[in-house]
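Dear colleague,

I am handing over the structure we spoke about, and below it you will find my notes on what turned up in it. Please read them with the coordinates open beside you.

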Amino acid sequence: MAERITGHTELIGLMAYPIRHSSSPAMHNEAFAYLGLDYAYLAFEVDQDTLKDAVQGMRALKMVGANVSMPNKTVIGQYLDKLSPAAELCGAVNTIVNDNGVLTGHITDGVGYMKSLEDNNIDVVGKKMTIVGSGGAATAIQVQAAIDGVAEISIFNIKDKFWENAEATIEKINERTDCKVTLSDLADLDKLKAEIADSYLFTNATGMGMKPLEGQTYIPDPSFFRPDLIVTDVIYSPRETAMLKMAKKAGCKTMNGMGMVLFQGAASFKLWTGKEMPIEHMKQVLDIRYD
């Protein structure tokens with residue numbers, strides 16, 4: 001890293017809290033070095049209290065762009081100049097591009113998730129999926145899945161601040177795609193079990209299972225899973241959450257969030273640099289392997 005930092009090196013950041021566990025700095029800096037690009041990627045612990053100042057800092061420092069993660073994805077749009085159509089539809093941003101002081105918000109989470117399924121030979125198009133969550137990443141996955149041709153999505157969420165967001169997402173998807181989407185209270189475990197039983201794929205798109213909730217899961221017991229069900233998690237640290245361990249014991253094919261991190265990162269990488277991320281090289285570096 002020290003050998004390739006120059007007076008011309010362009011800065012890209014990651015704004016989230018907590019974020020020190022992130023694999024994104026290692027991934028992007030390795031890709032920059034591999035392709036000989038003069039960029040550096042750093043992680044900054046930014047929460048909603050400091051988010052506005054951080055965005056102003058991007059302009060002042062003439063940063064090329066940034067990634068955004070929890071808890072900032074659904075609130076950062078108000079500080080940006082423009083949103084891509086996908087980001088506007090999702091109501092969330094995970095990538096910012098600075099074009100001569102004009103900050104545009106994009107969302108690549110959904111594309112990253114769907115590409116990671118494809119890379120693992122999982123084809124959910126025309127099938128039903130059940131998903132827990134309605135925050136930024138969950139919404140992006142739901143929207144992209146519907147756009148890509150998933151036939152039915154059953155969303156479960158606790159009745160928190162994201163419940164209205166989930167209702168708005170359902171309305172948009174049902175109006176603008178051929179996908180049938182429903183929303184249920186996560187407290188209704190009997191319905192959750194029935195919907196999972198009727199699904200090809202189940203995913204956790206919340207922070208349940210990562211610090212400070214490591215070891216926890218919304219799934220009460222292994223009877224919710226069956227051997228031919230595919231179970232995925234957007235969490236990548238730890239690489240095997242309590243939910244994935246339970247699913248694996250039940251005989252399910254499982255996948256953590258590392259593939260999503262790679263492919264959403266690749267989409268962001270191209271927005272910033274105009275170059276394709278070296279995917280196969282990065283899979284080796286990040287030790288991405290599928291069951």
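Two rings of Phe, Tyr or Trp, the last represented by its six-membered ring, are taken as a pair if their centres lie within 6.5 Å, and planes under 30 degrees apart count as stacked. By this rule the count comes to 4 aromatic pairs, and please keep in mind throughout that the model is a predicted one. In one of these pairs, the ring centres of F32 and F269 are 5.3 Å apart and the planes stand at 20°, so the pair is stacked. The pair joins distant parts of the chain, since F32 belongs to helix 1 and F269 to helix 9 (residues 258-273), with their positions 237 residues apart. Both F32 and F269 are buried, and together with Y39 they make up one aromatic cluster.

Turning to the sheets, one of them is open and consists of 6 strands in the order 2-1-3-5-6-4, with mixed pairing. Its edges are strand 2 (39-45) and strand 4 (82-83), each of which pairs on one side only. Helix 1 (residues 24-35), the helix that carries F32, packs on this sheet, where it touches strand 1 (10-16), strand 2 and strand 3, and its direction makes about 170° with that of strand 2. Within the same sheet, strand 5 (residues 95-99) and strand 6 (residues 102-106) run antiparallel and are joined by 5 bridges; N98 has L103 of strand 6 as its bridge partner.

Another open sheet, also of 6 strands, follows the order 9-8-7-10-11-12, and here the pairing is parallel. Strand 9 (180-185) and strand 12 (253-255) are the edge strands, each pairing on one side only, and the twist from one strand to the next averages 15°. Strand 11 (residues 230-233) pairs with strand 12 in the parallel sense over 3 bridges, and T232 has M255 in strand 12 as its bridge partner.

Two helices that contact strands of this parallel sheet deserve a look. Helix 4 lies across strand 7, strand 10 (201-204), strand 11 and strand 12, and it runs at about 135° to strand 10. In helix 7 (residues 189-197), the residues L192, E195 and I196 are buried; because they cover an arc of only 100° around the axis, they fall on the same side of helix 7. The buried residues of helix 7 pack against strand 7, strand 8 and strand 10, whereas the face turned away from that buried side carries the exposed residues D190 and A197.

Finally, there is the nonpolar interior. Which residues touch the most other members of the largest nonpolar core? In this core of 46 residues, they are M15, I76, I96, M129 and I153. Several elements each supply at least two residues of the core, among them helix 2 (51-61), helix 4 (109-119), strand 7 (128-132), strand 8 (152-157) and helix 6 (163-176), while helix 5 gives the largest share, 7 residues. Leaving aside residues up to four places away in sequence, M15 touches a set of residues that includes F44, V46, M58, V68, N72, I76 and I96. A second core, separate from this one, has 25 residues, including L14, A43, V261 and W272.

With best regards

Definitions and conventions:
Residues numbered from 1 in each chain as written. Predicted model: local features only at pLDDT ≥ 70, side-chain atom pairs only at ≥ 80, totals over all residues. Heavy atoms only, no water. Core = buried A, V, L, I, M, F, W, Y, C linked by side-chain atoms within 4.5 Å. Buried < 20%, exposed > 50% of the residue type's maximum accessible area, 1.4 Å probe, protein only. Helix = DSSP H or I, 4+ residues; strand = E, 2+ residues; numbered from the N terminus. Contact = heavy atoms within 4.5 Å. Pairing = 2+ DSSP bridges. Axes fitted to C-alpha atoms, helices over the stretch in contact; angles between N-to-C directions. Arc of directions from axis to C-beta. Phe/Tyr/Trp six-rings, centres within 6.5 Å; stacked < 30°, edge-to-face > 60°.
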